[in-house]
Amino acid sequence: MNKNWLLKGLSILGPGIVTAALVFGPSKMTITSKMGADYGFELIWVIILAIFFMLIFTNMSARIGQYNTDSLLTLIRKKIGKFGSVFIGAGIFLVAISFQAGNSTGVGIAMGEATNTDAKIWIIVFNLAGILLLFFRSFYQVLEKVMLGLVILMLFSFVLTLILIQPSFSHIADGLIPHIPTGSTGLIVAFIASCFSLVGAFYQSYLVQEKRKANGVAPGEPLSADKHAQLSSTIGIMILGIMSAVVLICAASVLHPKGLKVNSASEMAMALEPLFGSNASHLFLIGLFGASFSSLIGNAALGGSMLGDAIGLKGNLNNNYVKMLIATVMIFGAIISLLFSSLPLELIVLAQSVTIFLVPFTGIAIYWIANSDDIMGEHKNNMFQKIVGLLGLLLVIGLAILNFKVLVLS
């Protein structure tokens with residue numbers, strides 16, 4: 001009885017957990033570690049801000065998927081024509097490819113450091129493992145189970161690391177007060193761009209619909225039958241925030257007091273060893289592996305699915321051509337990772353910053369569809385969601401303008 005209740009509860013979390021796992025990748029771990037190392041606990045409030053807006057837009061997207069039989073890109077195509085859906089679908093595919101090399105590198109480094117072997121071997125092994133998962137008949141169900149396992153692994157490793165470190169709760173409370181330390185603007189922009197992931201939020205509607213198909217809900221059946229879609233996305237995004245906060249607190253507790261700087265999440269793991277022993281280092285590496293492998297699979301699934309839907313491929317994750325696009329993202333990322341070994345922080349920050357130019361369009365699309373009377377009916381955004389959603393869009397557009405000034409005009 002209890003076992004069945006637990007399995008049912010974990011199953012409900014599926015779409016939200018997948019989104020959390022694909023958004024929490026090695027680049028986010030690197031940026032979050034650097035935020036803690038450079039500025040101590042001062043930037044914890046940034047996590048809360050980013051998670052709040054991520055939650056608003058992920059729930060909007062989940063609601064769109066919950067109450068429509070058409071995909072989000074199809075709804076956009078019906079509203080404004082094919083150009084709009086192809087623009088967003090192809091754009092998300094390119095964003096996915098740009099981040100895939102970092103995911104492959106993260107898997108290789110985590111396994112290579114833990115086993116003292118060549119990271120390139122593990123890059124090949126785990127990309128092949130990711131591609132093999134595509135051969136399962138119901139890829140979504142496999143994806144959901146793998147992601148759930150990896151999130152549990154990450155939570156276990158990060159929380160245990162936190163217990164070993166024993167951070168100061170008074171310093172954590174101080175970090176909840178918003179302020180911008182001198183020189184921290186670039187990291188704040190990069191973190192918000194990666195954590196308030198409108199691309200990830202956009203995909204939530206697809207995951208809700210894939211979950212429905214996996215549960216055997218017939219096309220055209222009222223989708224309100226999937227009454228747990230909002231709960232799933234809420235819990236998934238809260239877990240994303242917890243993992244981000246724990247990594248920042250670990251870096252702030254260990255690295256900042258000693259003035260140690262890090263340029264990657266693996267350096268954060270190595271810094272733990274002389275202070276807290278090899279167990280702490282290995283625990284953090286396990287978390288890095290979980291973040292990297294979950295993003296490797298999830299990011300590729302996102303990119304392949306969006307391009308496939310944009311060009312009219314039906315069936316989504318069970319369509320063989322979509323699976324080929326997903327494999328293409330993995331192969332491309334693996335090749336870049338093998339050729340360039342590892343991506344320095346500067347390139348990761350640059351990739352995150354460039355992405356912010358594309359994501360306002362995905363955010364506007366989610367907001368627009370969720371506000372639409374003829375598509376959402378009684379389930380359209382309420383006044384609170386309209387106001388907060390608009391503030392989220394203004395934040396993303398403001399960051400895009402700021403990045404444009406930094407990257408182009410300066």
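A residue is taken as buried when its relative accessible area is under 20%, as exposed when that area is over 50%, and as partly exposed in between. By this criterion, both K34 and D38 are buried in the structure described here, which is a predicted model. The side chains of these two residues meet in a salt bridge, with a distance of 3.2 Å from N to O. Because K34 and D38 stand 4 residues apart in helix 3, which covers residues 26-39, about one helical turn separates them.

The chain as a whole is built from 19 helices and 0 strands. Of its 410 residues, 57% are buried, and the accessible surface of the chain amounts to about 17,000 Å², with 69% of this area belonging to carbon and sulfur atoms. Among the contacts in the chain with a separation of 6 or more, 85% are accounted for by residues that lie 24 or more positions apart.

The confidence of the prediction varies along the chain. The average pLDDT is 80, and 84% of the residues score at least 70. The highest confidence is found in helix 4 (residues 44-66), at a mean of 92, whereas the lowest is found in helix 16 (residues 345-355), at a mean of 57. Where pLDDT is low, predicted coordinates should not be read in detail.

The bridge between K34 and D38 is one of 5 salt bridges held by the structure. Another is formed by D70 and K78, whose closest N and O atoms are 2.5 Å apart. The two partners of this bridge fall into separate accessibility classes, since D70, at 25% relative accessibility, counts as partly exposed, while K78, with a relative accessible area of 60%, is exposed. A further salt bridge joins D374 with K79, and here the closest N and O atoms are 3.4 Å apart. Because D374 belongs to helix 18 (residues 373-376) and K79 to helix 5 (residues 72-80), this pair ties together parts that are 295 residues apart in sequence. D374 is exposed, with a relative accessible area of 61%, and K79 counts as partly exposed at 32% relative accessibility.

Aromatic side chains provide a second group of interactions, with 9 aromatic pairs in the structure. In one of these pairs, the ring centres of F52 and F53 are 5.2 Å apart and the ring planes stand at 70°, so the arrangement is edge-to-face. F52 is partly exposed, at 36% relative accessibility, whereas F53 is buried, at 9%. The rings of F126 and F293 likewise form an edge-to-face pair, because their centres are 5.2 Å apart and their planes lie at 70°. As F126 lies in helix 7 (residues 119-133) and F293 in helix 14, this pair ties together parts that are 167 residues apart in sequence. Both F126 and F293 are buried. Beyond individual pairs, F52 and F53 also belong to one aromatic cluster, which they form together with F57 and F196.

Helix 14, which spans residues 278-310, also contains I286. With a relative accessibility of 35%, I286 counts as partly exposed because this value lies between the limits of 20% and 50%. When neighbours within four places in sequence are left aside, I286 is in contact with L153 and S157. The C-alpha atom of I286 is also separated by 8.3 Å from that of A114, a residue 172 positions away along the chain.

On the surface, a nonpolar patch is formed by I80, I364, W368, I397 and I401, which together have about 440 Å² of accessible area. At least two residues of this patch are supplied by helix 17 (359-371), and at least two by helix 19 (383-409). One of the patch residues, I401, is placed in helix 19 and is partly exposed, with a relative accessible area of 46%.

Conventions
Residues numbered from 1 in each chain as written. Heavy atoms only, no water. Buried < 20%, exposed > 50% of the residue type's maximum accessible area, 1.4 Å probe, protein only. Contact = heavy atoms within 4.5 Å. Phe/Tyr/Trp six-rings, centres within 6.5 Å; stacked < 30°, edge-to-face > 60°. Patch = residues over 30% accessible without salt bridge, like charges linked within 9 Å, V, L, I, M, F, W, Y side chains within 5 Å. Areas by Shrake-Rupley, 256 points an atom, 1.4 Å probe, with all protein chains shown as cover. Salt bridge = Lys/Arg side-chain N within 4 Å of Asp/Glu carboxyl O. pLDDT = per-residue confidence, 0-100.
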